[in-house]
Amino acid sequence: RVRIPLPVSNILWEHCIRLANRTLVEGYANVKKCSNEGRALMQLDFQQFLMKLEKLTDIRPIPDKEFVETYIKAYYLTENDMEQWMKEHREYSTKQLTNLVNVCLGSYINKKARQKLLAAIDDIDRPKR
């Protein structure tokens with residue numbers, strides 16, 4: 001047995017938690033359909049995950065907690081709010097933003113509005129290239 005010093009342990013926990021949270025968002029971005037109940041379950045699952053983490057580690061605040069919460073809350077945005085939200089949250093990938101448009105708003109907006117939002121994602125992504 002090798003004892004890991006607390007500062008090293010905390011760094012390892014931080015990286016693991018950050019990776020888990022990023023993986024959750026990536027998983028949510030792979031969703032093909034999502035009902036209101038599904039969105040609520042995403043929030044409940046994440047809250048359960050946080051509760052278990054808080055028992056396992058003393059790291060506070062939880063790394064990238066807001067990254068996941070903000071993405072889940074974006075599923076509730078309206079068409080009018082989505083474009084502004086996307087401009088303010090450049091931390092999400094093009095794939096993650098595209099999924100929000102297609103899954104959350106896909107059945108509620110017409111094709112022209114969807115194309116407008118997808119074009120906005122392209123405009124946001126262009127400076128990154």
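How many residue pairs are in polar contact across the interface of domain 1 and domain 2? The rule finds nine, with both residues of each pair at pLDDT 80 or more. The views below set that count in its place. The model is predicted.

**View 1. The whole chain is built from helices.** The chain has six helices and zero strands. Read from the N terminus, the elements run α-α-α-α-α-α. The C-alpha atoms fill a box of roughly 60 × 35 × 20 Å along the principal axes. The chain holds 129 residues, and 35% of them are buried. Now take the contacts with a separation of 6 or more. Of these, 69% join residues that lie 24 or more positions apart.

**View 2. The chain divides into two assigned domains.** Domain 1 covers residues 1-76. Domain 2 covers residues 78-128. Taken over C-alpha atoms, the domain centres are 23 Å apart. Domain 1 gives 18 residues to the contact. Domain 2 gives 13 residues.

**View 3. The two domains bury area between them.** The buried area is about 1,200 Å². Carbon and sulfur atoms carry 55% of it. Look for three residues of domain 1: Phe67, Tyr71 and Ala74. These lose the most area to domain 2 on their side. Together they make up 35% of what the domain 1 side buries.

**View 4. One salt bridge is counted between the domains.** What are its two partners? Glutamate 26 forms a salt bridge with lysine 95. Glutamate 26 falls within the 1-76 range of domain 1, and lysine 95 within the 78-128 range of domain 2. The closest N and O atoms of the pair are 2.8 Å apart. That distance counts as a salt bridge because the cut-off is 4 Å.

**View 5. Polar contacts also cross the interface, and helices H1 and H3 line the domain 1 side.** Nine residue pairs are in polar contact here. Which elements give two or more residues to the side of domain 1 that touches domain 2? They are helix H1 (6-28) and helix H3 (65-74). H3 supplies the largest share, five residues. By type, this side of domain 1 has ten nonpolar residues, six charged and two polar.

Notes: Residues numbered from 1 in each chain as written. Predicted model: local features only at pLDDT ≥ 70, side-chain atom pairs only at ≥ 80, totals over all residues. Heavy atoms only, no water. Domains from an automatic or database assignment. Contact = heavy atoms within 4.5 Å. Buried area = accessible area lost by both parts, 1.4 Å probe. Salt bridge = Lys/Arg side-chain N within 4 Å of Asp/Glu carboxyl O. Polar contact = N/O pair within 3.5 Å; in protein donor to acceptor, adjacent residues only side chain to side chain. Helix = DSSP H or I, 4+ residues; strand = E, 2+ residues; numbered from the N terminus. Nonpolar A, V, L, I, M, F, W, Y, C, P; charged D, E, K, R; others polar. Buried < 20%, exposed > 50% of the residue type's maximum accessible area, 1.4 Å probe, protein only.
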